[in-house]
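Reader: I'm new to protein structures and don't know where to start looking. Could you walk me through how to read one?

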Amino acid sequence: MCFSLDAMKWIREPKSFVVSSSSVEIVTEPHTDLWQNTYYHFCNDNAPVLFFETSSPYFSFVVKTDFSSASHRFDQCGIVVYQSSSCWLKASVEYESPSFGRLGSVVTNGGYSDWATTDIPTSVKTMWYRLSRRESDFCIENSSDGVSFSQMRICHLSEGEGVVRFGIYACSPEDSSFTARFSSLAMLPCAWEAHDGQQPDQL
């Protein structure tokens with residue numbers, strides 16, 4: 001499946017960005033984020049999202065991210081599916097401190113977010129992601145080389161039927177800014193194979 005970066009659209013276009021034929025750079029703005037309610041009891045829905053739109057029920061989307069200039073707590077960039085302010089998912093590496101970052105994902109349904117993470121060293125400056133869709137269910141994977149991917153999570157989006165908007169995002173929740181770089185964007189046949197184990201319950 002081929003697509004052009006020219007077909008991408010913005011939700012909240014940032015002040016500074018560059019889109020070329022093969023890559024995207026986004027300069028984050030301070031106090032931008034995606035989060036809804038859980039634990040922190042605030043709602044942030046102001047991060048820029050550059051997205052493709054498709055009704056295809058089965059596909060995989062791959063992208064390489066470079067966050068080497070991130071240096072402030074919570075600076076982040078990665079992949080996203082954004083259906084509405086109350087239904088979306090994202091996966092990224094967040095800068096935490098000079099000693100570690102957090103590779104993680106957030107799924108938001110019904111206006112409440114979760115956050116699943118694992119600590120990684122700050123020597124990691126790039127990360128690949130593969131997002132796969134099977135109807136309203138999604139699989140998020142990550143890779144250090146773009147060849148071997150490891151599953152991060154499987155999830156369901158309550159607004160995941162029909163047309164979905166998926167792509168990339170970058171933000172700096174606190175008073176900071178950095179340049180997020182995205183390359184090797186590709187839409188591919190679904191790499192997430194159909195389940196061949198336990199059959200669904202019969203109702």
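Author: Sure! Let's begin with one word we'll need: a residue is buried when its relative accessible area is under 20%, exposed when that area is over 50%, and partly exposed in between. Keep in mind that this is a predicted model.

Reader: Okay, let me try the words out. Is Arg 102 buried, partly exposed or exposed?

Author: Arg 102 has a relative accessible area of 24%, so it is partly exposed.

Reader: Got it. What about the inside of the protein, then?

Author: Here's the general idea: in soluble globular proteins, nonpolar side chains tend to be buried together. In this model, the largest nonpolar core has 38 residues. Those with the most contacts inside it are Phe 61, Leu 89, Leu 131, Phe 166, Ile 168 and Phe 182.

Reader: Which strand gives the most to this core?

Author: That's strand 9, residues 87-95, with 5 residues. There is also a second, separate core of 12 residues, and among its members are Leu 34, Tyr 82, Trp 88 and Cys 171.

Reader: Now for charges. How do I read a salt bridge?

Author: Side chains of opposite charge can pair when their charged atoms come close. A search of the whole structure here finds 8 salt bridges. Take Asp 33 and Lys 90: their closest N and O atoms are 3.6 Å apart.

Reader: Where do Asp 33 and Lys 90 lie in the chain?

Author: Asp 33 is in the loop between strand 3 (23-27) and strand 4 (34-36), while Lys 90 is in strand 9. The two are 57 residues apart, so this pair links distant parts of the chain. Check the accessibility too: Asp 33 counts as buried at 9%, and Lys 90 is buried at 3%.

Reader: And what does Arg 102 pair with?

Author: Arg 102 forms a salt bridge with Asp 119, with 3.4 Å between the closest N and O atoms. Arg 102 sits in strand 10 (residues 100-109) and Asp 119 in strand 12 (residues 116-121), so the bridge ties together parts 17 residues apart in sequence. You already know Arg 102 is partly exposed; Asp 119, at 49% relative accessibility, counts as partly exposed as well.

Reader: Can you show me one more pair?

Author: Try Arg 153 and Asp 114, whose closest N and O atoms are 2.8 Å apart. Arg 153 belongs to strand 15 (residues 150-156), and Asp 114 to the loop between strand 11 (112-113) and strand 12, so parts 39 residues apart in sequence get tied together. Arg 153 is buried, with a relative accessible area of 16%, whereas Asp 114 counts as partly exposed at 29%.

Reader: Which residues do salt bridges with shared partners join into one network?

Author: Glu 96, Arg 102 and Asp 119. So you've met two of them in the strand 10 and strand 12 pair already.

Reader: What should I look for with rings?

Author: Look at how far apart the ring centres are and how the planes are tilted. The count here comes to 8 aromatic pairs. Tyr 40 and Phe 42 form a stacked one, 5.5 Å centre to centre, with 20 degrees between the planes. Both planes differ by under 30 degrees, the cut-off for stacked. Tyr 40 is partly exposed at 35%, and Phe 42 is partly exposed at 35%. Along with Trp 35 and Tyr 39, they form one aromatic cluster.

Reader: Which charged ends sit over rings?

Author: The charged end of Arg 130 sits over the ring of Phe 149, 4.3 Å from its centre. Likewise, the charged end of Arg 165 sits over the ring of Phe 51, at 5.3 Å from its centre.

Reader: Last one: how do I read empty space?

Author: Rolling a probe the size of a water molecule over the atoms shows where empty space is left. The structure holds 2 cavities of 30 Å³ or more, and the largest has a volume of about 120 Å³. Its lining has 16 residues, with Phe 67, Val 93, Tyr 95, Thr 122 and Val 124 nearest the centre. Strand 9 gives the most to that lining, with 3 residues.

Reader: How much space lies in the largest pocket?

Author: About 230 Å³. Of the 14 residues lining the largest pocket, Asp 33, Tyr 40, Phe 42, Phe 74 and Pro 173 lie nearest its centre. Strand 4 and strand 9 each supply at least two residues of this lining.

Technical notes
Residues numbered from 1 in each chain as written. Predicted model: local features only at pLDDT ≥ 70, side-chain atom pairs only at ≥ 80, totals over all residues. Heavy atoms only, no water. Core = buried A, V, L, I, M, F, W, Y, C linked by side-chain atoms within 4.5 Å. Buried < 20%, exposed > 50% of the residue type's maximum accessible area, 1.4 Å probe, protein only. Helix = DSSP H or I, 4+ residues; strand = E, 2+ residues; numbered from the N terminus. Salt bridge = Lys/Arg side-chain N within 4 Å of Asp/Glu carboxyl O. Phe/Tyr/Trp six-rings, centres within 6.5 Å; stacked < 30°, edge-to-face > 60°. Lys NZ or Arg CZ within 6 Å of the ring centre and 35° of its normal. 1 Å grid on protein atoms, 1.4 Å probe; cavity = no way out; pocket = protein on both sides within 12 Å on 5 of 7 lines; lining within 4 Å. Points joined across faces, edges and corners; volume = space filled by probe spheres on them.
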